[in-house]
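Visitor: Could you take me on a close look at a single part of this one? I'd like to know where things sit and what they touch.

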Amino acid sequence: MLFTSVSDIMGKLAVFSLAVIALAAFVGERLVALRHVLLYSRELTQNYLPNCHLIEGIEYGAEDITMLDDGLAFLSTGLKYPGLPSYSDDPGKIYTLNLLDSELKIKALNIKGDFDKDSFNPHGISLYTDNKDGAIYLFVVNHPQGKSQVEIFRFVENENALQYIKTIKHELLHNVNDIVAVGTESFYATNDHYFINEILKLVEHFLSLPWSDVVYYSPQTVQVVTGGFPSANGINISPDKRHLYVSNILKHKISVVEIQKNTVLSHVKEVDVGSLCDNIEVDRESGDLWLGCHPNGLKFLLSDPNDPPGSEVIRIENILSEKPRVTQVYSDDGSVIVGSSVATQYGGKLLIGTVYQKALICDLKL
């Protein structure tokens, strides 16, 4: 008969105890790190703008907003995203809002063509104007049945409609969050996660894995052009088309990268913003960046209606200079608007969208 000595048992218990202690220390360190990443203790001082009012008809979010040069804004609404509230089972829609119209009434765009409108779940959007014929294209990140794909539409202004052109799917476009169009069928897009499985996505954030990336797509080329982000969210391009701006949301930074001739991106700098900034809009004249941000990520994830997440708008001036100017333009504790994800300005007006709630427009103090 074989006997296990007391010393062997004690040795195994010691190893097991050390493993438990090490695991507990690791989990504790990760939780502390996540609390820091989420800015869990941050409280806002309200910073309001004059003459603010909610946009009538926007009740289920305007996650992304982008603008034409003439002040016509396009709003992506009704996003259904895992882990976040959704208060309507209706399909998502794209609206327009003319900021030069004194009534500020939204108009739903009719989608024409062979397109499944019932599963439309729009996320990030981008506009592209073809210099050859002036045609305007709207690129939309779509998540039908939780998948990721990109829809290309042509804007038919006199019919207030979007003509469906094509759907783009690719294995590299697996968790698309935002997009910036650079041609009639080409774009850069961010993947905000590496994994597709929802549980593994949580593990990815828990471990702060820097596996999120930016993908370039054209009919001839599809490739990852830069990576190393814990989560890449918003993306946009400079007015001269030489630089891309990527929201490194979990590091509270905006990453600046330069576009090379072969479409590969080279890192230039990072700018601290002190908030979890989502989508990026770029002023075509000044080059300023306008950011819709989540000032307290824990409140945003919990989405408690009794303690709602706040909203923050940040502006970056002279981002390519040695000393960019980062200023808070608007902030609210959730009593007016919940979970801001985008902001854009035109003609002295600031338009603020949210992930799942409302949209706000204010007079801008410049």
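Guide: Ile125 sits in strand S7, which covers residues 122-129. This is a predicted model, by the way, so read every value here as computed from it. With a relative accessibility of 3%, Ile125 falls under the 20% cut-off and is therefore buried. Its contacts, skipping residues up to four places away in sequence, take in Asp64, Ile65 and Thr66, then Phe74, Leu75 and Ser76, then Ile94, then Leu138, Phe139 and Val140, and finally Asp178 and Ile179.

Ile125 also turns up in a record. The unreviewed UniProt entry has a "binding site" annotation covering Glu63, Asp64, Ile125, Asn177, Asp178, Asn233, Asp278 and Asn279. Those residues span 217 residues in sequence, but no two of their C-alpha atoms are more than 13.0 Å apart, so they gather at one spot.

Asp64 is a good one to follow from here. It belongs to strand S2, residues 62-67, and is buried at a relative accessible area of 1%. Beyond four places in sequence, Asp64 touches Ile125 along with His123 and Gly124. The contact list of Asp64 also includes Asp178 and Asn279, both of them named in the "binding site" annotation. Phe74, Leu75, Ser76, Glu281 and Val342 are among the contacts of Asp64 as well.

Now back to strand S7, where His123 is found too. The unreviewed UniProt entry places its "active site" feature at His123. His123 has a relative accessibility of 3%, which counts as buried. What does His123 touch, leaving out residues up to four places away in sequence? The list has Glu63, Asp64, Ser76, Leu79, Tyr81, Val141, His143, Val176 and Asn177. Of these, Glu63, Asp64 and Asn177 are covered by the "binding site" annotation.

Leu79, a contact of His123, leads on to some empty space. A search of the whole structure turns up one cavity of 30 Å³ or more, and the largest cavity holds about 50 Å³. Leu79 is part of its lining, together with Tyr60, Gly78, Lys80, Pro85, Ser86, Tyr87, Ser88 and Tyr356. Sorted by class, that lining has five nonpolar, three polar and one charged residues.

Another thread runs through Val140, a contact of Ile125, and Val141, a contact of His123. Gln149 touches both Val140 and Val141. Gln149 is in strand S9, residues 149-156, and counts as buried at 9% relative accessibility. Asn142, Pro144, Thr167, Ile168 and Lys169 are also on the contact list of Gln149, which again leaves out residues up to four places away in sequence. The side chains of Gln149 and Glu151 are joined by a polar contact of 2.7 Å.

If you want a stop in a loop, try Val273, which lies between strand S18 (265-272) and strand S19 (276-282). Val273 is buried at 10% relative accessibility. Past four places in sequence, Val273 touches His252, Lys253, Ile254, Leu291, Ile314, Ile316 and Val326. The C-alpha atoms of Val273 and Val225 are separated by 24 Å, and the two residues are 48 apart along the chain.

One last stop is Glu317, in strand S21 (residues 311-317). Glu317 is buried, with a relative accessible area of 15%, and is in contact with Asp288, Pro324 and Arg325 once neighbours within four places in sequence are set aside.

Technical notes:
Residues are numbered from 1 along each chain as its sequence is written. This is a predicted model: local features need pLDDT of at least 70, side-chain atom pairs count only at pLDDT 80 or more; totals for chains, interfaces and linings use all residues. Side-chain values use heavy atoms; hydrogens and water are left out. On a 1 Å grid over the protein atoms alone, a cavity is a set of points where a 1.4 Å probe fits but cannot get out, and a pocket is an open set with protein on both sides within 12 Å along at least five of seven lines; lining residues have an atom within 4 Å of a point. Grid points are joined across faces, edges and corners, and a volume is the space filled by probe spheres set on the points. Ala, Val, Leu, Ile, Met, Phe, Trp, Tyr, Cys and Pro count as nonpolar, Asp, Glu, Lys and Arg as charged, and the others, Gly among them, as polar. UniProt positions are given in the numbering used here, feature names are shortened, and annotations may be inferred rather than shown by experiment. Helices (H or I, at least four residues) and strands (E, at least two) are DSSP runs, numbered from the N terminus. Buried means under 20% relative accessible area, exposed over 50%, partly exposed in between (1.4 Å probe, protein chains only). Contact means heavy atoms within 4.5 Å. A polar contact is a pair of N or O atoms within 3.5 Å; within protein, one must be able to donate a hydrogen and the other to accept it, and residues adjacent in sequence count only if both atoms are side-chain atoms.
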